[in-house]
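This report concerns the structure displayed below. Strand pairing is treated at the outset, followed by the domains and the ligand surroundings.

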Amino acid sequence: MAGKTLFEKVWEEHVVVEEPGRPDLLYIDLHLVHEVTSPQAFEGLRLAGRRVRRPDLTFATMDHNVPTTPRVPGEALTSDPIAARQMETLAANCREFGITLWDVFSGEQGIVHVIGPQLGLTQPGKTIVCGDSHTATHGAFGALAFGIGTTEVEHVLATQTLPQAKPRTMEIWVDGQLPPGVAAKDVILGIIGRIGTDGATGHVIEYRGPVIRSLTMEERMTICNMSIEAGARAGMIAPDAETFAYLEGRLYAPKGAAFERAVSAWEKLPTDADARFDRRVVIDVATLAPQVTWGTSPGMVTDVTGRVPDPDQLPAPDARRAAERALEYMGLEPGTPIQEIRLDRVFIGSCTNSRLEDLRSAARVVRGRKVAPGVRAMVVPGSQWVKHQAEQEGLDRIFKEAGFEWRESGCSMCLGMNPDILQPGERCASTSNRNFEGRQGRGGRTHLVSPVMAAAAAIHGHFVDVREIDAAVSA
Ligand SMILES: CC(C)[C@H](C(=O)O)[C@@H](O)C(=O)O
Ligand code: SF4
């Protein structure tokens, strides 16, 4: 019998009911909850007179619609009645159903996909769900983590299980060595540019190969985070010594002998040498350049040294029309060098790139320089913990002295659900994961880039090739 993939091992370990012709029923080890996709789920439970089956496996935070301006206890947090109601409702639901909540005043508050790993809740081999499409982030630890809809949130709250059709498997082998100045974000943007936004539909991706093994946990999270932008159900990376070292000592990680036992079990998770994937893609990053999106989907991406494409030169009529429409929305002319695109705003944040290493790398570019006149730039740490750590290291001073705004944690300008939005027509270099029309505010124009590319763009007022501006950024 052929060996098993990481995904198959985790899946099989969690099937509680298997019937021919029906989706498997999976046991869920960790359920993360945020304010936007949970209110109706809790309401459903109440109407049915049910309790939460495992409040001890369910954790909640507020992230999407929290303002990122200073938080003063006792003062109204937001003037937006919908946001206020969602936050109050989450707090009331967590009290009623006995669920741990990290609210805006908690030192653990942050973007749900940043705090799960940080608290050690995210662990290899677990099944993890959240009513949020970027749940794949947690797959960086060798967990099977995927986003679910609000009715599924209710199902998991009530039963701690979820019916799921088994996805197919896809291996993305990342070969070569990452060149200086080229980040994990460029790797995933490059992959999506190559396979397309539906390139992994129906599949769970396992990212493998020497480049993946060389990445830190935070870089692995950046890659897994955007699996959904390639259409995948989830993205996973096999756990290794890097994973175990990251987890050891974290609040919810097993301790002492229990940790040793957990590591022995986690070591058995990686894909067997003779396992087979349904599909296989090989990407070599040796010549990969920093990436910049020019359109309104993450697959509309090119090298920083490239130009805005000419739709007329695209062979497929569908792609041509999509590119034409995207360029119109983006206010860009075909053939424009990417480095001539001028920016109004820069956003460093989101569950893709708001962790400590992201802020450190951006700060290395910013140190001793100034944000270009006319550019408004902001840094939004992914969690209160990240913010605190960054302040301990003096990163906040580097950003503020350069003219960046330094904010409280949340999803912020990743999506227009809170006061941090673009004005119509404004153009933004953003470290987030989606550049859809209106994503950062109606009429706003988003270019996805890595943290160092965003930092360099803030300083110059237009995109620049971060490999050329300073040897320090390559460190
Ligand atoms: C609001 C939420 C449901 C949504 C998601 O599922 O991803 C958001 O986090 C996003 O990134 O678009
Ligand atoms: S930071 Fe952005 S992508 Fe991540 S959960 Fe929040 S809104 Fe979604």
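## Strand pairing and the open sheet

In this predicted model, strand S10 (residues 203-208) is joined to S11 by three bridges, and the two strands run parallel. Within S11, Gly-235 is the residue that stands opposite Ile-205. In general, the strands of a sheet pair through backbone hydrogen bonds, in either a parallel or an antiparallel manner.

S10 and S11 belong to an open sheet of four strands, arranged in the order S11-S10-S9-S12 with parallel pairing. Its edges are formed by strand S11 (234-236) and strand S12 (279-284), each of which pairs on one side only. With direction ignored, neighbouring strands of the sheet are turned against each other by 20 degrees on average. Helix H6 (residues 184-195) packs on this sheet, where it touches strand S9 (168-175) and S12. The direction of helix H6 makes about 125 degrees with that of S12.

## Domain organisation

The domain assignment divides the chain into domain 1 (6-164), domain 2 (168-239 + 266-284) and domain 3 (291-474). Between domain 1 and domain 3, the C-alpha centres are 28 Å apart.

Contact between these two domains involves 21 residues of domain 1 and 20 residues of domain 3. On the domain 1 side, helix H4 (residues 112-118) gives the most, contributing four residues. The composition of that side of domain 1 is seven nonpolar, 11 polar and three charged residues.

## Surroundings of ligand 1

Which residues surround ligand 1? The shell consists of Val-36, Thr-37, His-64, Asp-132, Ser-133, His-134, Gly-147 and Leu-415. By class, the shell around ligand 1 comprises two nonpolar residues, five polar residues and one charged residue.

## Surroundings of ligand 2

There are 13 residues around ligand 2, and those that come nearest are Ser-350, Cys-351, Cys-411, Cys-414 and Leu-415. Leu-415 is thus found among the residues around ligand 1 and also among those nearest to ligand 2. The shell around ligand 2 contains five nonpolar, six polar and two charged residues.

From which domains does the shell around ligand 2 draw at least three residues each? Domain 1 (6-164) and domain 3 (291-474) both supply at least three residues to this shell. These two domains are also in contact with each other, through 21 residues of domain 1 and 20 residues of domain 3.

Notes:
Residues are numbered from 1 along each chain as its sequence is written. Chains are lettered from A and ligands numbered from 1 in the order in which they are written. This is a predicted model: local features need pLDDT of at least 70, side-chain atom pairs count only at pLDDT 80 or more; totals for chains, interfaces and linings use all residues. A residue is near a molecule or strand if its C-beta atom, placed from the backbone, lies within 6 Å of it. Ala, Val, Leu, Ile, Met, Phe, Trp, Tyr, Cys and Pro count as nonpolar, Asp, Glu, Lys and Arg as charged, and the others, Gly among them, as polar. Domain bounds come from an automatic or database domain assignment. Two residues are in contact if their C-beta atoms, placed from the backbone, lie within 7 Å. Two strands pair if DSSP finds at least two bridges between them. Axes are lines fitted to C-alpha atoms, for helices over the stretch in contact, and angles run from 0 to 180 degrees between N-to-C directions.
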